[in-house]
Amino acid sequence: MHERHHPLRHVPLGTAREVVSFHYGPADTGRKVYVQASLHADELPGMLVAHHLRRRLLGLESEGALRGEVVLVPVANPIGLAQSVLRQSQGRFDLATGENFNRHYPSLLQPVLARVGTALGPDEAVNAGFIRRALREAAAEAAETTELESLRKTLIGLACDAEVVLDLHCDGESVLHLYTGTPLWGQCEPLARYLGAQATLLATESGDNPFDEACSQTWWQLAAHVGGSVPVTMGCLSVTVEFRGEAEVSPPQAERDAGALVDFLRHRGIVAGEAPPLPPLLRPATPLEGSDAITTPVGGVLVFQRGPGDWIVVGEAVAEVVDPLTAQVTVLRSRTEGLLYARETRRFVHAGASVCKVAGSVPFRSGKLLSA
Ligand SMILES: [Zn+2]
């Protein structure tokens, strides 16, 4: 294992901040996995999984069982981790710009196209090598005029040439669920099984370039661009893993989750040895365009009738919002049938707030598909 320190640029005068990455296994086999935790800085279950994963990776490395490089960034967002307002951590949005830390990663299609140009030929593996090199070069040239952009450039630079990218997050109150690219579902399904994911949300364009999509989208964009004239594989399985609710920070659970990630890497052949049999798939993947983010039209006290893991039918009441001044009770209903996979932690809400999400199988939304 070796440890690398990546100082952020454009930090406030007189301060210093860095991203720390831990590198396990051989870096010269052409295989690479990238795992980062807590891009939304105070989403901590993934950070604890990373802690347990470190020990597992060190053991695998000492046994000579790693067939590629595994890069682990346990604290992906030192900027957000330092943000606190009136005793409340603020890890989702950058206080300086108001931007979500998991949006606005650079799109690398054009700079990659400029590099691979006419170099792609009949061999898919050779093409993948060209594309990975172009991705590294394009990421290294991304603009960075603020500390936030410096963070984004550092993370995408570490991840962009990996064949597997896992971005470990959590939701408010939630079952374990995944987000990945629609063309990646076949590669992602074993991960969903080992982790016991109860929902997987698929999209090719979620809006505003979240991290996982920025890592993987260039492959399907390139494939569309060349239109089948030369083979372009889906060379990056990039997945956002939502490790349940934000308060579910439990060492035994984190140990099991780290074990499931190792099982998946074994199944994929990056860790030597036979993987355990694939567990059953708990739920089929569904389109992110079919996920209903139920919002409240009024403010008040939020009272849930249904919770994470419940199956909801169309029109079913999932919550009420109580206005104790008018005595009005507003019932919130789902527009789709599916699994309620995440809900809000707060119990006082303002008008317009999103209170829970239901993974339906029928697309009905368009535009920006992720919550703010
Ligand atoms: Zn998150």
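**The zinc site, the pocket and the cavity**

The zinc ion is held by His-40 through ND1, by Glu-43 through two OE contacts and by His-169 through ND1, at 2.1 to 2.6 Å. The model is a predicted one, and the values below are computed from it.

Along the sequence, the donor residues follow the spacing H-x2-E-x125-H. The two histidines tie together distant parts of the chain, 129 residues apart. His-40 sits in the loop between strand E3 (32-37) and H1, whereas His-169 belongs to strand E7 (residues 164-171).

What geometry does the site of the zinc ion have? It is irregular, with angles of 53 to 146 degrees among the 4 donor atoms. Four donors count as tetrahedral if all angles lie between 85 and 135 degrees, so a set of angles running from 53 to 146 degrees does not meet that rule. Water is not among the atoms, so a site may look incomplete.

Are the histidine donors buried or exposed? His-40 has a relative accessible area of 3% and His-169 one of 1%. Because buried means under 20% relative accessible area, both His-40 and His-169 count as buried.

From the metal we turn to the empty space in the model. Rolling a probe the size of a water molecule over the atoms shows where such space is left. The largest pocket has a volume of about 1,400 Å³. Its lining is made of 47 residues, and those closest to its centre are Arg-92, Asp-171, Glu-344, Ser-371 and Ala-372. Strand E20 (residues 354-360) supplies the largest share of this lining, with 4 residues. Sorted by class, the lining of the largest pocket holds 15 nonpolar, 15 polar and 17 charged residues.

The closed space is a separate matter. How many cavities of 30 Å³ or more are there? The count is 1, and the volume of the largest cavity is about 30 Å³. The residues that line the largest cavity are Pro-45, Val-49, Arg-244, Glu-248, Ser-250, Gln-253, Ala-254 and Asp-257. Helix H1 (45-62) and helix H8 (251-267) are the elements that each give two or more residues to this lining. Of the elements, H8 gives the most, with 3 residues. By class, the lining of the largest cavity has 3 nonpolar, 2 polar and 3 charged residues.

Helix H1 links two parts of this account: the loop that holds His-40 lies between strand E3 and H1, and H1 also gives residues to the lining of the largest cavity.

How values were computed:
Residues are numbered from 1 along each chain as its sequence is written. This is a predicted model: local features need pLDDT of at least 70, side-chain atom pairs count only at pLDDT 80 or more; totals for chains, interfaces and linings use all residues. Side-chain values use heavy atoms; hydrogens and water are left out. On a 1 Å grid over the protein atoms alone, a cavity is a set of points where a 1.4 Å probe fits but cannot get out, and a pocket is an open set with protein on both sides within 12 Å along at least five of seven lines; lining residues have an atom within 4 Å of a point. Grid points are joined across faces, edges and corners, and a volume is the space filled by probe spheres set on the points. Ala, Val, Leu, Ile, Met, Phe, Trp, Tyr, Cys and Pro count as nonpolar, Asp, Glu, Lys and Arg as charged, and the others, Gly among them, as polar. Donors are N, O and S atoms within 2.8 Å of the metal (3.2 Å for Na, K and Ca); water is not among the atoms, so sites may look incomplete. Four donors count as tetrahedral if all angles lie between 85 and 135 degrees; four count as square planar and six as octahedral if opposite donors are over 155 degrees apart and all others between 65 and 115; anything else is irregular. Buried means under 20% relative accessible area, exposed over 50%, partly exposed in between (1.4 Å probe, protein chains only).
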